[in-house]
Amino acid sequence: SIIGTFQAVCLTAGVYVVYMERPLALVHADGYFMSMSAGDYREAGVPVPELDGFPGPWPKRLVVDLPDDPAKQAEIRRSALQQRTPLRTLASYYVPYDAELLAIERDALSEDTLEKREAATGDLTAWTEEHGGSVNDYAFFPFGARYGFLILGIERDSGQIVGLLNTELSRKPAADSASDPGS
């Protein structure tokens, strides 16, 4: 009975950890996509947002949509920086993902970066063979997950998120909230 109780407690703890660390949202802010779990919000010192109202399956696909007015945007960024709160956690500015909100030409990885990557790894050729089309049919963005960075491919015509590239070249050190590119 002691072993059975111990196993039940461990199973419950494991289910709780998996539940708390499941991705809630894929958030785009300042040219990066980030996977966000409840723990990510808590670590940033903000409440876990209620995302049920956003359309689509889980994890929700969202964009941080700051005001177009540069003065208002600067104030939001200044406040977030002073509070050490990454932009990706500002749920009051979340809107459903729409490729029209992305600055693809500004934020996507450059053609030069992609060519260097292809020369070093050949993984883009394999990726496009798997997903169809050519490299130019897709825009590629940095994608941050809990333990590293990947590259997210988005179809240029439809704006549909297609898949991930995962190689050593795409790994960067995890950034803290003060120096985070989403801050």
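Arginine 117 sits buried in this predicted model, with a relative accessible area of just 6%. Its salt-bridge partner is aspartate 123, and the closest N and O atoms of the pair are 2.7 Å apart. Aspartate 123 also counts as buried, at 12% relative accessibility.

That pair belongs to a set of five salt bridges in the structure. Another links lysine 116 with aspartate 112, with 3.4 Å between the closest N and O atoms. These two are four residues apart in helix H5 (residues 111-121), so about one helical turn separates them. Here lysine 116 is exposed at 56% relative accessible area, while aspartate 112 is partly exposed at 43%. Then there is arginine 106, whose side chain meets that of aspartate 107 in a salt bridge (2.8 Å, N to O). Arginine 106 is exposed, at 63%, whereas aspartate 107 is buried, at 15%.

Arginine 106 turns up again in the second largest pocket, which has a volume of about 320 Å³. Of its 18 lining residues, Asp30, Val64, Leu66, Leu101 and Arg106 come closest to the centre. The lining breaks down into nine nonpolar, three polar and six charged residues, and E1, E3, H3 and helix H4 (104-107) each supply at least two of them.

As for the packing, the largest nonpolar core has 22 residues, and Ala25, Val27, Tyr41, Leu51, Leu62 and Tyr94 touch the most other members. Strand E1 (23-29) is among the elements that give two or more residues to this core, and E1 gives the most, with four. Apart from this core lies another, of 15 residues, including Phe33, Val63, Phe143 and Ile154.

Methods: Residues are numbered from 1 along each chain as its sequence is written. This is a predicted model: local features need pLDDT of at least 70, side-chain atom pairs count only at pLDDT 80 or more; totals for chains, interfaces and linings use all residues. Side-chain values use heavy atoms; hydrogens and water are left out. A nonpolar core is a set of buried Ala, Val, Leu, Ile, Met, Phe, Trp, Tyr and Cys residues joined through side-chain atoms within 4.5 Å. Buried means under 20% relative accessible area, exposed over 50%, partly exposed in between (1.4 Å probe, protein chains only). On a 1 Å grid over the protein atoms alone, a cavity is a set of points where a 1.4 Å probe fits but cannot get out, and a pocket is an open set with protein on both sides within 12 Å along at least five of seven lines; lining residues have an atom within 4 Å of a point. Grid points are joined across faces, edges and corners, and a volume is the space filled by probe spheres set on the points. Ala, Val, Leu, Ile, Met, Phe, Trp, Tyr, Cys and Pro count as nonpolar, Asp, Glu, Lys and Arg as charged, and the others, Gly among them, as polar. A salt bridge is a side-chain nitrogen of Lys or Arg within 4 Å of a carboxyl oxygen of Asp or Glu.
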